[in-house]
Amino acid sequence: MKEKLESMDRVQTYSLASGATSITDLAEISKHVQDSGKEKWEEIKAELKDVEEKIADGTVKVTNAQNGEEFDQSKCPNVKIK
């Protein structure tokens, strides 16, 4: 147990705003998009980029309940914290 606690002290987290992480670049999925779906695919990527920017600038708040941040389950009834 002591080893686990010590390793938790070394955990580092990075926000989207830091530039050290992002949602996904979708590279693997992009390889399988057919020509007939490319226009829609670009719309999807633009929407994800918009969400990523909103998370980075704080417009959308991401709660890390596993890290002890307060999570209001009544606002997200389909999310189950284990």
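1. A contact here means that heavy atoms lie within 4.5 Å. Among the contacts of the protein chain that join residues at least 6 apart in sequence, 26% are between residues at least 24 apart. The model is a predicted one, and the points below should be read with that in mind.

2. As to overall architecture, the protein chain has three helices and zero strands, and from the N terminus on its elements follow the order α-α-α. The radius of gyration is 17 Å, well over the 12 Å that the globule rule gives for 82 residues, so the protein chain is more spread out than a compact globule. The C-alpha trace spans about 55 × 30 × 25 Å along its principal axes.

3. On burial and surface, 6% of the 82 residues of the protein chain count as buried, where buried means a relative accessible area under 20%. The protein chain exposes about 7500 Å², and carbon and sulfur atoms supply 50% of that area.

4. Helix α3 covers residues 38-57 and has 20 residues; from its first C-alpha to its last it reaches 29 Å, which is close to the 28 Å expected at 1.5 Å a residue. The residue that follows α3 is G58, and its phi is positive, near 90°.

5. Which residues make the nonpolar surface patch of about 270 Å²? The patch is made by I23, I44, L48 and V51. Of these, L48 is found in helix α3, and its relative accessible area of 31% makes it partly exposed; because patch members need over 30% relative accessible area, among other conditions, the value of 31% for L48 lies on the admitted side of that cut-off.

6. Turning to charged pairs, the count of salt bridges comes to seven, and two of those that can be described here lie along helix α3. In one, K40 pairs with E43, with the closest N and O atoms 3.2 Å apart; because K40 and E43 are three residues apart in helix α3, about one helical turn separates them. E43 counts as partly exposed, at 40% relative accessibility.

7. In the other, the side chains of D50 and K54 meet in a salt bridge at 3.2 Å, N to O. Both residues lie in helix α3, four residues apart, which is about one turn of the helix. D50 is partly exposed, with a relative accessible area of 34%, and K54 is likewise partly exposed, with a relative accessible area of 34%.

8. K54 also has a contact beyond helix α3, to a residue in the segment that comes after the helix. That residue is V60, which lies in the segment after α3 and touches K54 and I55, leaving aside residues up to four places away in sequence. Is V60 buried, exposed or partly exposed? With a relative accessible area of 33%, V60 is partly exposed.

9. A further salt bridge joins K61 and E69, whose closest N and O atoms are 3.5 Å apart. The two partners fall into separate accessibility classes: K61 counts as exposed, at 62% relative accessibility, whereas E69 is partly exposed, with a relative accessible area of 33%. The class boundary that matters for K61 is the one that sets exposed at over 50% relative accessible area.

Technical notes:
Residues numbered from 1 in each chain as written. Predicted model: local features only at pLDDT ≥ 70, side-chain atom pairs only at ≥ 80, totals over all residues. Heavy atoms only, no water. Helix = DSSP H or I, 4+ residues; strand = E, 2+ residues; numbered from the N terminus. Expected span 1.5 Å × (residues − 1). Patch = residues over 30% accessible without salt bridge, like charges linked within 9 Å, V, L, I, M, F, W, Y side chains within 5 Å. Areas by Shrake-Rupley, 256 points an atom, 1.4 Å probe, with all protein chains shown as cover. Salt bridge = Lys/Arg side-chain N within 4 Å of Asp/Glu carboxyl O. Buried < 20%, exposed > 50% of the residue type's maximum accessible area, 1.4 Å probe, protein only. Rg over C-alpha atoms; globule rule 2.2 N^0.38 Å.
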